[in-house]
Amino acid sequence: MPTIAVTDASFEADVLKSDKPVLVDFWADWCGPCKMIGPSLEEISEEMADQVKIAKVDIMENTDTAAKFGVQSIPLMVLIKNGEVVAHKLGAAPKSQIKGWLESVL
């Protein structure tokens, strides 16, 4: 399953009410490190599709959601299970580190 773009309007339905855990990637198109991890997140989304959904929130277009989560630095990845934040990871990392972190918190 490819990553999905989530907006302020769709966040509740796509993330908070999801039947599986959701890794939310808060990003912006001007953010170099965000662009670096994008392809890794796409690959992880395909590899772990049965375990987790990966959603991307553009903080410039979805300021309400970014504010609710107190996003001050990006890239910020937040894992949400059953509508609750269970883990977060700030900054870019190689695919192996992102996947390892995700597996450890699932």
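User: In what order do the five strands of the open sheet lie?
Analyst: This is a predicted model. Its five strands form an open sheet, and the pairing is mixed. Strand E1 (4-5) and strand E5 (84-90) are the edge strands, each pairing on one side only. The order is E1-E3-E2-E4-E5.

User: How many bridges join E1 to E3?
Analyst: E1 and E3 run parallel. One of the pairs is alanine 5 with lysine 56, its bridge partner in E3. The number of bridges joining E1 to E3 is two.

User: Is strand E2 largely enclosed or open, and how many of its six residues are buried?
Analyst: Buried means under 20% relative accessible area. Strand E2 covers residues 22-27 and is largely enclosed by the rest of the structure, because most of its residues fall in the buried class. The number buried is five of the six.

User: How many bridges join E2 to strand E3?
Analyst: E2 and E3 (residues 53-58) run parallel. Valine 22 has lysine 53 as its bridge partner in E3. Tryptophan 27 has aspartate 58 as its partner there. The bridges joining E2 to E3 number six.

User: What is the handedness of the β-α-β crossover from E2 to E3?
Analyst: E2 and E3 are parallel strands. The chain leaves E2, passes through helix H2 (residues 32-47) and reaches E3. This crossover is right-handed.

User: Which residue in E4 is the bridge partner of valine 24?
Analyst: E2 also pairs with strand E4 (residues 76-81). That pairing is antiparallel and spans five bridges. In E4, the partner of valine 24 is valine 78.

User: Which residue in the turn of the E4 and E5 hairpin has a positive phi?
Analyst: E4 and E5 pair in the antiparallel sense over six bridges. Leucine 79 is matched in E5 by alanine 87. The two strands form a hairpin with two residues between them. The turn residue with a positive phi, about 50°, is asparagine 82.

User: Which residues of E3 are buried on each side?
Analyst: E3 is mostly covered, with six of its six residues buried. Both faces are covered. One side holds Lys53, Ala55 and Val57, and the other holds Ile54, Lys56 and Asp58.

User: At about what angle does H2 run to E3?
Analyst: H2 lies across E2, E3 and E4. Its direction relative to E3 is about 155°.

User: What angle does the direction of H4 make with that of E4?
Analyst: H4 packs on the sheet. Its contacts there are with E2, E4 and E5. Its direction and that of E4 make an angle of about 25°.

User: How are H2 and H4 oriented to each other?
Analyst: H2 and helix H4 (residues 95-105) have axes 9 Å apart and pack at an angle of about 45°. H2 passes H4 in a right-handed crossing. The contact uses Ile37, Ser40, Leu41, Glu43, Ile44 and Glu47 of H2 with Lys95, Ile98, Lys99 and Leu102 of H4. Angles under 35 degrees count as roughly parallel and 65 to 115 as roughly perpendicular, so the two helices are oblique.

User: What is the relative accessible area of aspartate 25?
Analyst: Aspartate 25 lies in strand E2. Leaving out residues up to four places away in sequence, aspartate 25 touches Ile37, Leu41, Ala55, Lys56, Val57, Pro75, Leu76 and Met77. Aspartate 25 is buried, and its relative accessible area is 0%.

User: Is glutamine 72 buried or exposed?
Analyst: Glutamine 72 sits in the loop between helix H3 (63-68) and E4. The cut-off for exposed is over 50%. Glutamine 72 has a relative accessible area of 81%, so it is exposed.

User: How far apart in space are glutamine 72 and isoleucine 59?
Analyst: Glutamine 72 and isoleucine 59 are 13 residues apart in sequence. Their separation in space, C-alpha to C-alpha, is 10.0 Å.

Technical notes. Residues are numbered from 1 along each chain as its sequence is written. This is a predicted model: local features need pLDDT of at least 70, side-chain atom pairs count only at pLDDT 80 or more; totals for chains, interfaces and linings use all residues. Side-chain values use heavy atoms; hydrogens and water are left out. Buried means under 20% relative accessible area, exposed over 50%, partly exposed in between (1.4 Å probe, protein chains only). Helices (H or I, at least four residues) and strands (E, at least two) are DSSP runs, numbered from the N terminus. Two strands pair if DSSP finds at least two bridges between them. A crossover is right-handed if, with the strands pointing away from the viewer, the path from the first strand over the helix to the second runs clockwise. Axes are lines fitted to C-alpha atoms, for helices over the stretch in contact, and angles run from 0 to 180 degrees between N-to-C directions. Angles under 35 degrees count as roughly parallel, over 145 as roughly antiparallel, 65 to 115 as roughly perpendicular and the rest as oblique. A crossing is left-handed if the near helix is turned anticlockwise from the far one by less than a right angle, and right-handed if clockwise. Contact means heavy atoms within 4.5 Å.
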